[in-house]
Amino acid sequence: MTKKESYEVRGEEVIKKVKELIKEGNVRRIIIKDKKDKVLVEFPLTIGVVGAVLAPVLAAVGAIAALVAECTISVERE
């Protein structure tokens with residue numbers, strides 16, 4: 001069963017929140033949307049994802065955080 005959650009975050013908090021979600025380990029997909037509900041980035045997470053694979057994802061999230069003041073992080077969990 002998939003559980004969905006959403007978090008409202010400010011630009012500077014995006015990377016921190018994404019890292020927290022990744023560490024939890026039961027996240028299947030993360031979707032970042034702007035205030036108008038437009039999807040800015042969406043990426044799946046698989047079990048066993050390691051730091052080297054996450055580096056480009058976190059770089060993209062950092063670029064998005066620099067461009068938006070507020071956004072919503074939607075999370076699908078197992």
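These notes cover the sheet, the core, the salt bridges and one loop residue of a predicted model.

1. Sheet layout. Four strands make an open sheet, ordered 1-4-2-3, with antiparallel pairing. Strand 1 (3-10) and strand 3 sit at the edges, and each pairs on one side only. Neighbouring strands are turned against each other by 15° on average, direction ignored.

2. Strands 2 and 3. These two pair in the antiparallel sense, over five bridges. For a register check, take Ile31: its bridge partner in strand 3 is Glu42.

3. Helix 1 on the sheet. Helix 1 (residues 14-24) packs on the sheet and touches strand 1, strand 2, strand 3 and strand 4 (70-77). The helix direction makes about 5° with that of strand 4.

4. Nonpolar core. In soluble globular proteins, nonpolar side chains tend to be buried together. Here the largest nonpolar core has 19 residues. Those with the most contacts inside it are Val14, Val18, Ile30, Ile32, Phe43, Leu45 and Ile73. Which elements give two or more residues to this core? They are helix 1, strand 2, strand 3, helix 2 (51-67) and strand 4.

5. Leu45. This residue is on the list of those with the most contacts inside the core. Setting aside neighbours within four places in sequence, Leu45 is in contact with Ile22, Val27, Arg28, Arg29, Ile30 and Leu54. Ile30 is also on the core list.

6. Arg77, a buried charge. Arg77 lies in strand 4. Its relative accessible area is 6%, so Arg77 is buried, the cut-off being under 20%. Outside its neighbours within four places in sequence, Arg77 is in contact with Met1, Thr2, Lys3, Glu5, Tyr7, Leu21, Glu24, Asn26, Val27 and Arg28.

7. Arg77 and Glu5. Side chains of opposite charge can pair when their charged atoms come close. The side chains of Arg77 and Glu5 meet in a salt bridge, at 3.0 Å from N to O. The pair links distant parts of the chain: Arg77 in strand 4 and Glu5 in strand 1, 72 residues apart. Is Glu5 buried or exposed? Glu5 counts as buried because its relative accessibility is 19%, and the cut-off is under 20%.

8. Glu76 and Arg29. The structure holds eight salt bridges. One of them joins Glu76 to Arg29, with the closest N and O atoms 3.9 Å apart. This pair also links distant parts of the chain: Glu76 in strand 4 and Arg29 in strand 2, 47 residues apart. At 17% relative accessibility, Glu76 counts as buried. Arg29, at 26%, counts as partly exposed.

9. Asp37 and its loop. Asp37 lies in the loop between strand 2 (27-33) and strand 3 (39-44). Most residues other than glycine have a negative phi. Asp37 is not a glycine, yet has a positive phi of about 70°. Its relative accessibility is 52%, so Asp37 counts as exposed, the cut-off being over 50%. Asp37 also forms a salt bridge with Lys33, with the closest N and O atoms 3.8 Å apart.

10. A charged network. Which residues do salt bridges that share partners join into one network? They are Lys3, Glu5, Glu24 and Arg77. Arg77 is also in contact with the other network members, Lys3, Glu5 and Glu24.

Notes:
Residues numbered from 1 in each chain as written. Predicted model: local features only at pLDDT ≥ 70, side-chain atom pairs only at ≥ 80, totals over all residues. Heavy atoms only, no water. Buried < 20%, exposed > 50% of the residue type's maximum accessible area, 1.4 Å probe, protein only. Pairing = 2+ DSSP bridges. Axes fitted to C-alpha atoms, helices over the stretch in contact; angles between N-to-C directions. Contact = heavy atoms within 4.5 Å. Core = buried A, V, L, I, M, F, W, Y, C linked by side-chain atoms within 4.5 Å. Salt bridge = Lys/Arg side-chain N within 4 Å of Asp/Glu carboxyl O.
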